[in-house]
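Subject: Structure handover, cores and pockets

Hi,

Here is the structure I promised to pass on. My notes on its packing and its empty spaces follow below.

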Amino acid sequence: MASDSGKQLVKSKSGLRMISIEEKDNSPFQLLEPPWVPDMQSQECIKCHSKFDLMKRRHHCRRCGLCFCNVCCASKVGLPRMNFVDPVRMCSECSVVTKKENEFYDKHLKCLITGSFFILSAVDADENNVVTYVKLTANHRTIMFNEEKPDRESTKTSRWVYDPVDVINIQNLHIETTGDTSHGFMPKAAVLKYKYLDDSKEVILKVPDDNSKKQSMAWIVALQKAVKMLLSSKET
């Protein structure tokens with residue numbers, strides 16, 4: 001079942017998933033469904049080692065694909081990284097990891113998509129120390145640097161202050177902070193390093209000292225979590 005949003009509802013053995021119609025629109029944070037360990041290869045729970053029989057049935061964790069007994073695979077947790085519509089069964093270890101990731105989806109990803117104002121500098125920029133509205137696209141694939149905050153009700157196209165950065169090309173993120181140990185450290189700038197052709201580039205985003213300051217700092221924190229998740233996925 002396809003929709004006008006470029007998504008389609010599909011049924012897998014693990015449950016209903018809302019996925020992109022075209023692969024190019026997949027989120028870079030997305031995880032693929034793991035293959036299930038065949039029943040014939042699992043004679044006991046991988047965690048508690050209880051033998052499977054007619055009373056103690058096998059249950060596959062939807063995140064890792066391993067086989068557990070009901071007690072060791074009893075949690076049902078939302079899994080947006082795999083695009084599941086409803087909460088799915090997971091083992092306790094995967095449940096803990098997923099709940100932490102879901103905070104990113106519920107809070108930080110929304111912050112990135114909403115965006116905020118920054119003062120941009122880069123070696124290859126047309127001009128430096130220019131105010132730009134930075135936001136993540138709805139498909140999570142690209143960071144945009146617009147001249148002004150996009151108007152949802154307008155078809156007006158905002159001029160780019162800097163070329164868009166594909167999220168999958170991010171190599172590193174360095175955050176400059178201000179403050180001390182007693183009052184806590186707050187982000188004042190982010191240095192984003194990313195792959196460009198056969199080279200690397202850096203763009204610096206400074207937090208403006210105006211009424212968008214709080215949102216801009218939250219955006220940097222959210223970006224830090226996004227980069228950490230992205231890089232850990234690449235290592236895996």
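First, a definition for the pockets: on a 1 Å grid over the protein atoms alone, a pocket is an open set of points with protein on both sides within 12 Å along at least five of seven lines, while a cavity is a set where a 1.4 Å probe fits but cannot get out; lining residues have an atom within 4 Å of a point. Points are joined across faces, edges and corners, and a volume is the space filled by probe spheres set on them.

Two housekeeping sentences. This is a predicted model, in which local features need pLDDT of at least 70 and side-chain atom pairs count only at pLDDT 80 or more, though totals for chains, interfaces and linings use all residues. Residues are numbered from 1 along each chain as its sequence is written, and side-chain values use heavy atoms, with hydrogens and water left out.

Now the pockets. The largest has a volume of about 550 Å³. It is lined by 18 residues, with Arg-81, Val-97, Glu-101, Met-229 and Ser-232 closest to its centre. Helices H1 (92-114) and H2 are the elements that give two or more residues to this lining (helices are DSSP runs of H or I, at least four residues, numbered from the N terminus). By class, the lining has six nonpolar, five polar and seven charged residues; Asp, Glu, Lys and Arg count as charged, Ala, Val, Leu, Ile, Met, Phe, Trp, Tyr, Cys and Pro as nonpolar, and the others, Gly among them, as polar.

The second largest pocket holds about 300 Å³. Among its 15 lining residues, Lys-7, Ser-27, Asn-83, Ala-138 and His-140 lie nearest the centre, and the lining divides into four nonpolar, eight polar and three charged residues.

What about the core? A nonpolar core here is a set of buried (under 20% relative accessible area, 1.4 Å probe, protein chains only) Ala, Val, Leu, Ile, Met, Phe, Trp, Tyr and Cys residues joined through side-chain atoms within 4.5 Å. The largest has 37 residues, and Phe-29, Leu-112, Ile-143, Phe-145, Val-203 and Trp-219 touch the most other members. Helix H2 (residues 213-235) supplies the largest share, nine residues. A second, separate core of 16 residues includes Cys-69, Val-77, Leu-79 and Cys-91.

Finally, there is one cavity of 30 Å³ or more, with about 50 Å³ of space. Its lining includes Phe-29, Leu-112, Ile-143 and Trp-219, has ten nonpolar residues and no polar or charged ones, and takes four residues from H2, the most of any element.

Cheers

Definitions and conventions: Buried < 20%, exposed > 50% of the residue type's maximum accessible area, 1.4 Å probe, protein only.
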